[in-house]
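Got your viewer open? Get ready to click through a few selections with me.

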Amino acid sequence: MNAPATFKRDLRAEFPGLIAADGKPWHYLDTAATSQKPRSVIDAMARALGEDYATVHRGVYSRSAEMTIAYEAARRRIAAFLGGHEDEIVFTRGATEAINLVAQTWGRANLKPGDRILLSQLEHHSNIVPWQMIAVDTGAQIDVCPLTDDHRIDLDAAEAMLTEAHKLVALVHVSNVTGGVLDAKRAAKLAHKVGAKLLLDGCQSAPHMGVDVSELDCDFFVFSAHKLYGPTGIGALWAKAEILADMPPYQGGGAMIDRVTFERTTYAPAPQRFEAGTPAITEAIAFAAAADYVDSIGLEHIHAHEAALVTRLRRELGAMNDVTLFGPADSAGIVSFALDDIHPHDLGTLLDEGNVAIRAGHHCAQPLMDYLGVPATARASFGVYSTEADIDALMAGIARTRRIFGKG
């Protein structure tokens, strides 16, 4: 299989997971859920688990010191990937824990009865439920911003809704369902105009487009390694240093303390204050390797490559009179759609018989499904390894499914 035109090497060959059990190519179109891993990331994690392995921050022996250096170098690498500084990066189990951390620390310390939180109709459950939980505890209220006709967050509506009672605006940077891209700079201006903080869910933006948190002027940014061609079980919270410095601890235990007595405990400065216990050492090192991998290709090339695939797939699906497309035409690497009278689960099952993997369901966005008036959608999502052949296989599988259902 030839390399995509925008790339100088055969990227599929660098991902051992893209071969099916029968030895044929696996047409993996579920990157928005989790990405496949390149050999360089797998090798980095294997080395960290093997010949380089030791604990961090505790040992006086040389290998522990070397592993500590590697772990903190990973923090610097992820900070640089976002255009931030190392003292602004907290390693978490993923974006979900990062949002919960903000809710339970910043939210608990700053929200009170009468305060308001603005979310949008596009949000993933992980950017809804933590705010509902903290709203119950603090007496704050949640408002929901509607969408435009092409399923983007309606920032004109947000501007009209925002008041000085709003203390937080928490929005998805790129929707995991529609691929719609938020005008994050404008969102920051709107939030800051009324004195609110802006949290961006960057799970789908960080792997597909360049992110510079200082340029975006957000206050919090969260994302997960496993969507960036890295391992599961680790992600990052970026927050402005002055905000992190004022946030109380999230969990108690080892590594996050300064001094412990039975009378009182004092805490380490941020970001260590938020990393209780033995951290995900090998995962952090592989996380940094994933950032290196993405930068070796170039996010501008990745975005252009995926945009071309999105354009083709939307064009071909749009030519079918029994297909409904969701989201804007310029979605970032994601195409969600529905076939009349064929449930997405049935489509996904039949596509799997042809080595085509898509996502089918509510995508952890049930309020959005209610808004769209559908129980579920089918979703094809692209990565650096995606090719025209993946679209060929998908379209052939859709044609077969339509025939089975007596529609073609």
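Here's a short tour of two helices and a surface patch. Keep in mind that this is a predicted model.

**Stop 1: helix α3.** Select residues 95–110, the 16 residues of helix α3. How far apart are the end C-alpha atoms of α3? They are 21 Å apart, and that agrees with the 22 Å you should get at 1.5 Å a residue. Now colour the buried residues of α3, among them Ala95, Glu97, Asn100, Trp106 and Gly107.

**Stop 2: helix α6.** Next, select residues 184–193, which make up helix α6. Highlight Ala184, Ala187, Ala188, Leu190 and Ala191, which are buried. These residues sit on the same side of α6, because they cover an arc of only 165° around the axis. Here's a handy bit of background: an α-helix has 3.6 residues a turn, so residues three or four places apart point the same way.

Which residues are exposed on the other side of α6? Pick out Lys189 and Lys193. Then go back to the buried residues of α6 and show what they pack against: α5 (155–161), β5 (166–172), β6 (197–201) and α7 (213–216). Before you move on, click Gly195, just after α6, where phi is positive at about 85°.

**Stop 3: a surface patch.** Finally, select Ile257, Val260 and Tyr267 and turn on the surface. Together they form a nonpolar patch with about 250 Å² of accessible area. Zoom in on Tyr267, which lies in strand β10 (residues 265–267). Tyr267 counts as partly exposed, because its relative accessibility is 43%, in between the cut-offs of 20% for buried and 50% for exposed.

Definitions and conventions
Residues are numbered from 1 along each chain as its sequence is written. This is a predicted model: local features need pLDDT of at least 70, side-chain atom pairs count only at pLDDT 80 or more; totals for chains, interfaces and linings use all residues. Side-chain values use heavy atoms; hydrogens and water are left out. Patches are made of residues with over 30% relative accessible area and no salt bridge: like charges are joined within 9 Å, nonpolar side chains (Val, Leu, Ile, Met, Phe, Trp, Tyr) within 5 Å. Accessible areas come from the Shrake-Rupley method with a 1.4 Å probe; for residues, only the protein chains shown count as cover. A salt bridge is a side-chain nitrogen of Lys or Arg within 4 Å of a carboxyl oxygen of Asp or Glu. Helices (H or I, at least four residues) and strands (E, at least two) are DSSP runs, numbered from the N terminus. Buried means under 20% relative accessible area, exposed over 50%, partly exposed in between (1.4 Å probe, protein chains only). The expected span of a helix is 1.5 Å times one less than its number of residues. The arc is that of the directions from the helix axis to the C-beta atoms. Contact means heavy atoms within 4.5 Å.
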